[in-house]
Amino acid sequence: MTRPTYMYRRYERLWHWLQAGMILALFLTGLEVHAPSTVRLIGFENAVGLHRWLGFLLIANAFLGFFYHVTTGEIRQYFARTSDLIGMGVRQVRYYIHGIFRGEPHPFEKRRDRKLN
């Protein structure tokens, strides 16, 4: 029996879902803060307080993510390692404009050390 290979480590997945959850919660509390007569979820005062805390937590989580990427070396995947950057960009854009709708394979293989396009 084969074991699954995770492209993203446990911390990266947790970080991502925390970010997504906080952004969604910021959106919902922001609706109540900016339209309290229309949107009533937890009360205006509670929405303001929660919105403020979520904002601080989102920023702190972003800094923790940056720290993680720098200290583990994962940040390298965000920098191009080729002299054919323009050619790669053209292939990527062509794929998303045309190839994805025709079922063509992705122009770049996704690997654990190269997760991004």
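**A guided tour, starting at Arg94**

Select Arg94, which counts as partly exposed because its relative accessibility is 42%. The model on the screen is predicted.

Keep Arg94 in view and add Glu104. These two residues form a salt bridge, with their closest N and O atoms 3.0 Å apart. The pair links distant parts of the chain, for Arg94 belongs to helix 3 and Glu104 to the segment after helix 3, ten residues apart. Glu104 has a relative accessibility of 28%, so this residue is also classed as partly exposed. Side chains of opposite charge can pair when their charged atoms come close.

How many salt bridges does the count come to? The count is two. For the other pair, select Arg9 and Glu74, whose side chains meet at 3.4 Å, N to O. Arg9 sits in the segment before helix 1, while Glu74 sits in the loop between helix 2 (44–72) and helix 3 (85–97), so this salt bridge ties together parts that are 65 residues apart in sequence. Is Glu74 buried or exposed? Glu74 is buried, because its relative accessible area is 13%, below the 20% limit for that class. Arg9, at 34%, is partly exposed.

Next, select helix 1, residues 10–34, and turn to the second largest pocket, which has a volume of about 240 Å³. Eleven residues line this pocket, and the closest to its centre are Tyr8, Glu12, Arg13, Trp15 and His16. Which element gives the most to the lining? Helix 1 does, with five residues. By type, the lining of this pocket divides into five nonpolar, three polar and three charged residues. Rolling a probe the size of a water molecule over the atoms shows where empty space is left.

Now show the surface and select Leu24, Phe27, Leu28, Leu31, Leu41, Ile42 and Leu50. Together these residues make a nonpolar surface patch of about 630 Å². Helix 1 gives the most to this patch as well, with four residues. One member of the patch, Leu31, lies in helix 1. Leu31 counts as partly exposed because its relative accessibility is 34%.

For the last stop, select Gly30, which is also found in helix 1. Gly30 is buried, because its relative accessible area is 10%. Add Phe44 and display the distance between the two C-alpha atoms: Gly30 and Phe44 are 9.9 Å apart in space and 14 residues apart in sequence.

Note on methods:
Residues are numbered from 1 along each chain as its sequence is written. This is a predicted model: local features need pLDDT of at least 70, side-chain atom pairs count only at pLDDT 80 or more; totals for chains, interfaces and linings use all residues. Side-chain values use heavy atoms; hydrogens and water are left out. On a 1 Å grid over the protein atoms alone, a cavity is a set of points where a 1.4 Å probe fits but cannot get out, and a pocket is an open set with protein on both sides within 12 Å along at least five of seven lines; lining residues have an atom within 4 Å of a point. Grid points are joined across faces, edges and corners, and a volume is the space filled by probe spheres set on the points. Helices (H or I, at least four residues) and strands (E, at least two) are DSSP runs, numbered from the N terminus. Ala, Val, Leu, Ile, Met, Phe, Trp, Tyr, Cys and Pro count as nonpolar, Asp, Glu, Lys and Arg as charged, and the others, Gly among them, as polar. Patches are made of residues with over 30% relative accessible area and no salt bridge: like charges are joined within 9 Å, nonpolar side chains (Val, Leu, Ile, Met, Phe, Trp, Tyr) within 5 Å. Accessible areas come from the Shrake-Rupley method with a 1.4 Å probe; for residues, only the protein chains shown count as cover. A salt bridge is a side-chain nitrogen of Lys or Arg within 4 Å of a carboxyl oxygen of Asp or Glu. Buried means under 20% relative accessible area, exposed over 50%, partly exposed in between (1.4 Å probe, protein chains only).
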